[in-house]
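Please read the following report with the sequence and the three-dimensional structure side by side. It looks at cores, strand pairs, enclosed space and a few single residues.

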Amino acid sequence: MISCQWCEELADDDRDEVLALVGAAAEYDDEAGFSLIEPRDVTARSRPGMRVSHLAVKARRGLSAVDDVPLVVVAYLNIAVDDDGLGTVQFVVHPDYRSRGIATLLVEELGLDVDRPDGWMGTGARALRVWAFGTHPAAERLTRRFGISSVSRLWTLFRSLTGPFAVPLDPVHVPAGSVLEAPRGLGAPESVKALDDVLGRSGIPAAQLEKLSESRAHGTGSVVLASGDAGRPQGFVWLDPSLHTHLELRAAWIRALVLEKEARGGGLGAALLVRALEVLREAGAQIALMRIDPDDDGAVRLCRLLSFEQEDAHTCYQVGEWHEAPGYL
């Protein structure tokens with residue numbers, strides 16, 4: 001019923017179909033099925049330390065059983081495998097073919113054997129991870145059926161900035177000895193150096209640092225830096241005031257909030273977060289969105305104090321053994 005073949009680079013026709021699929025999925029819902037896939041992921045190639053493989057999943061149009069009905073791309077999967085054998089999977093089904101068993105058929109076709117000498121499906125992956133974004137019943141059914149374990153969680157939070165449900169923002173209280181700078185471009189040279197300095201003293205896991213670095217390289221928006229004595233950066237908040245429609249409201253994202261270890265617990269994180277909310281409100285956003293690790297007690301407490309509410313839950317699933325925590329953004 002389905003047809004698929006691994007490749008290092010999609011053929012032109014398949015690439016065009018996959019790009020159209022990814023675009024249709026993004027329009028259909030913000031979470032694009034099982035994972036957020038960017039057009040750059042579709043054209044990604046292997047590089048030192050990372051082997052990338054692509055899989056265009058085809059079926060007869062309309063899932064017809066008639067042989068002369070043309071094949072079309074109904075789903076797309078890619079996997080990036082690092083030198084240690086950890087494979088990060090991204091998967092999306094075209095909106096017209098969701099809830100029709102495509103993912104189940106694919107797992108039945110490919111299997112989940114990561115113990116082969118050459119890894120899963122010859123990709124070199126000895127463990128697999130994939131994020132299921134949103135409370136997705138299809139993902140829950142599939143993972144239960146095949147015994148796939150969850151290893152991490154993520155929450156999307158929202159905060160009303162205007163309208164009847166908006167709680168007033170209290171004035172920013174910056175701890176003594178610290179100052180919040182004006183927003184500056186994410187990619188400005190002075191921003192890059194300051195963010196690297198903070199991240200180097202943040203103590204956050206390596207996988208999270210890697211994911212944040214990747215997201216910064218392709219990200220947009222601005223950062224608000226907090227500096228201490230002699231201008232030393234103590235923390236930052238990365239915000240993207242680009243507006244998009246979410247639940248029929250104008251929404252914008254807070255992408256990351258990071259403090260060095262020594263600056264935590266004194267109110268600096270709250271000051272940065274409030275300043276970010278002010279900037280988004282001034283840009284016309286009606287709600288602010290951000291993602292946090294629900295196991296981070298400090299982050300959960302801070303967001304509750306600032307009237308954030310949980311909107312959605314996300315799950316990272318894993319096949320095989322891997323002990324390092326997954327990254328996210």
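The largest nonpolar core has 31 residues, and among them Ile-254, Leu-272, Leu-280, Met-290 and Phe-308 touch the most other members. A nonpolar core is here a set of buried Ala, Val, Leu, Ile, Met, Phe, Trp, Tyr and Cys residues joined through side-chain atoms within 4.5 Å, where buried means under 20% relative accessible area, exposed means over 50%, and partly exposed lies in between, with a 1.4 Å probe and protein chains only. At least two residues of this core come from each of several elements, including strand S7 (149-160), strand S12 (249-259), helix H7 (268-282) and strand S13 (287-292). H7 gives the most, with 9 residues. Helices (H or I, at least four residues) and strands (E, at least two) are DSSP runs, numbered from the N terminus. A second, separate core of 30 residues includes Leu-63, Ile-102, Val-114 and Ala-132.

This is a predicted model, in which local features need pLDDT of at least 70 and side-chain atom pairs count only at pLDDT 80 or more, while totals for chains, interfaces and linings use all residues. Residues are numbered from 1 along each chain as its sequence is written, and side-chain values use heavy atoms, with hydrogens and water left out.

What does Met-290 contact, leaving aside its neighbours within four places in sequence? Its partners, with contact meaning heavy atoms within 4.5 Å, include Trp-155, Leu-157, Ile-254, Cys-303 and Phe-308. Leu-157 also stands opposite Met-290 in S13. Cys-303 counts as buried because its relative accessibility is 4%, and Cys-316 is likewise buried because its relative accessible area is 1%. The structure nevertheless holds 0 disulfides, a disulfide being a pair of cysteine sulfur atoms within 2.5 Å.

The table collects four strand pairs; two strands pair if DSSP finds at least two bridges between them.

| Strands | Sense | Bridges |
|---|---|---|
| S7 and S14 (residues 309-319) | antiparallel | 9 bridges |
| S7 and S13 | antiparallel | 6 bridges |
| S4 (residues 71-82) and S5 | antiparallel | 7 bridges |
| S5 and S6 | parallel | 3 bridges |

Within these pairs, Phe-158 stands opposite Glu-309 in S14, Ala-75 has Val-93 of S5 as its bridge partner, and Gly-87 is matched with Leu-128 in S6. S4 and S5 form a hairpin with 3 residues between them, and Gly-85 in the turn has a positive phi of about 95 degrees. S5 is mostly covered, since 7 of its 8 residues are buried.

Where is empty space left inside? There is 1 cavity of 30 Å³ or more, and the largest cavity has a volume of about 360 Å³. It is lined by 21 residues, of which Val-89, Val-107, Leu-112, Val-130 and Leu-142 are the closest to its centre. On a 1 Å grid over the protein atoms alone, a cavity is a set of points where a 1.4 Å probe fits but cannot get out, and lining residues have an atom within 4 Å of a point; points are joined across faces, edges and corners, and the volume is the space filled by probe spheres set on them.

Two single residues complete the picture. Val-52, in strand S3 (residues 50-60), is buried because its relative accessible area is 5%. Asp-170, in the loop between S7 and strand S8 (179-180), counts as exposed because its relative accessibility is 59%.

Terms used
On a 1 Å grid over the protein atoms alone, a cavity is a set of points where a 1.4 Å probe fits but cannot get out, and a pocket is an open set with protein on both sides within 12 Å along at least five of seven lines; lining residues have an atom within 4 Å of a point.
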